[in-house]
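Let's take a walk through this one, ring by ring and then helix by helix. Keep the viewer open as you read.

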Amino acid sequence: MKRRTLLAGAPLLTSALIGAAEAQEAWPSRPVTIIVPFTPGGSSDIIARAMAQNMQQALGRPVVVENRPGAGGEIGARTVIRAAPDGHTLMHAPISTWAINVPLRPRLGYDPVTQLTRIMQTVRTPNVLVVNPQRIQADDLAGVVEWAKRTRGAAYSSSGNGSSDHLTAEMFKQAVGADITHVPFSGGSPATTALLSGDVQLSFQNLGSITPQIAAGRVKPILVTSEQRSPLLPNVPTAAEAGLNDFVVYSWQGLGGPAGIEGPLLQRIHAAAAASLRQSETAARFAEMGFEVVASSPEEFAPFQEGEIARWRRVIQAGGITVD
């Protein structure tokens with residue numbers, strides 16, 4: 001009796017497997033939604049919309065961006081992990097959502113390692129150490145460090161508590177042994193305004209956002225945190241060239257989906273997204289913004305992301321950093 005029951009059910013199981021395979025082959029069979037867990041206008045949103053436009057043209061199906069802000073990216077991430085792993089719901093998010101939030105927020109409501117499929121690191125941009133030239137009369141890293149160690153009330157601004165520029169500055173403090181007070185703001189623009197006004201004396205800011213102020217001479221660049229000098233700032237040394245070793249830091253973005261996207265479907269999604277990023281006009285536009293296209297493979301992105309979680313956990317624990 002059991003044998004007859006199993007045999008009777010075999011065609012149904014085979015049909016289900018064939019249907020799943022056909023669904024993967026047909027991807028996308030309906031509109032694809034890319035969730036951005038932050039408000040419109042930020043870098044994650046801008047890059048996602050450019051990627052969506054190119055993917056839509058290539059795939060012949062609508063690819064739309066949906067902003068789901070809130071709780072530092074948690075609301076958007078939780079929306080994605082509840083979706084079916086069929087490639088029609090994806091997420092484009094920054095380093096905070098993919099890595100920093102894990103050690104920073106002990107009660108985080110999602111796990112980006114086990115509950116998300118890591119598709120690719122999309123783009124990256126270095127940070128730039130900049131100073132107010134009226135407050136710090138130094139031309140190089142040694143001069144800035146010497147100033148910071150002898151100055152009471154030395155302060156730096158960031159775009160928010162737990163942001164990549166905040167943690168880069170904390171990593172800097174730990175590396176050089178300087179006591180510099182953190183003054184967080186709600187975004188890069190007010191953090192830069194505080195630097196320009198002299199309310200703080202230095203800051204680490206994303207390359208693209210601070211380049212106009214550098215060009216205007218309002219702030220002085222000391223170093224970039226990339227491996228090589230930036231084409232946007234060819235005369236500014238890297239951290240290693242300035243004398244600070246093991247200080248390569250990027251603010252990066254990543255594309256993912258709910259856990260369970262595998263095999264041919266994962267490869268199709270990756271290929272479509274990578275091709276969209278590598279289009280010459282798109283890559284040139286991102287370069288003007290200070291972003292370098294990475295388009296890593298899923299096999300590269302997963303260990304990279306886990307390494308970033310471990311790296312920032314060390315910085316957060318050493319600095320006793322918490323969020324409200």
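Start with a charge and a ring: R311 puts its charged end over the ring of W312, 5.2 Å from the ring's centre. Keep in mind that this is a predicted model. R124 does something along those lines with Y250, lying over the face of that ring at 4.0 Å from the centre.

Now for rings meeting rings. A pair of aromatic rings is described by the distance of the centres and the angle of the planes. Searching the whole structure turns up six aromatic pairs. Take F172 and F247: their centres are 6.4 Å apart and their planes sit at 75 degrees. Why call that edge-to-face? Because an angle over 60 degrees between the planes counts as edge-to-face, and this pair has 75. The two partners come from distant parts of the chain, 75 residues apart, with F172 in helix 6 (residues 164-176) and F247 in the loop between helix 9 (239-242) and strand 9 (250-258). F172 is buried, at a relative accessible area of 2%, and F247 is buried too, at 3%.

Next, look at W252 and F304, another edge-to-face pair, with 5.1 Å from centre to centre and 65 degrees between the planes. W252 belongs to strand 9 and F304 to helix 12 (residues 298-319), so this pair ties together parts 52 residues apart in sequence. Are the partners buried or exposed? W252 has 0% relative accessibility, so it counts as buried; F304, at 29%, counts as partly exposed. Zoom out a little and you'll find W252 and F304 in a cluster with W98 and F301, linked by ring pairs.

On to the helices. Helix 10 (residues 263-278) makes a nice sanity check: its 16 residues, at 1.5 Å a residue, should span 22 Å, and the end C-alpha atoms are indeed 22 Å apart, so the two values agree. Its buried residues are L265, L266, I269, H270, A272, A273, A274, S276 and L277.

Finally, a helix pair. Two packed helices are described by the angle between their axes and the distance between the axes. For helix 2 (residues 43-59) and helix 11 (residues 280-288), the axes come within 11 Å and cross at roughly 175 degrees. That makes the two helices roughly antiparallel, because angles over 145 degrees count that way. And which residues meet in helix 2 and helix 11? I46, I47, A50 and N54 from helix 2 meet T282, R285 and F286 from helix 11.

Notes:
Residues are numbered from 1 along each chain as its sequence is written. This is a predicted model: local features need pLDDT of at least 70, side-chain atom pairs count only at pLDDT 80 or more; totals for chains, interfaces and linings use all residues. Side-chain values use heavy atoms; hydrogens and water are left out. Rings of Phe, Tyr and Trp (its six-membered ring) pair if their centres lie within 6.5 Å; planes under 30 degrees apart count as stacked, over 60 as edge-to-face and the rest as tilted. Helices (H or I, at least four residues) and strands (E, at least two) are DSSP runs, numbered from the N terminus. Buried means under 20% relative accessible area, exposed over 50%, partly exposed in between (1.4 Å probe, protein chains only). A charge sits over a ring if NZ of Lys or CZ of Arg is within 6 Å of the ring centre and within 35 degrees of the ring normal. The expected span of a helix is 1.5 Å times one less than its number of residues. Axes are lines fitted to C-alpha atoms, for helices over the stretch in contact, and angles run from 0 to 180 degrees between N-to-C directions. Angles under 35 degrees count as roughly parallel, over 145 as roughly antiparallel, 65 to 115 as roughly perpendicular and the rest as oblique. Contact means heavy atoms within 4.5 Å.
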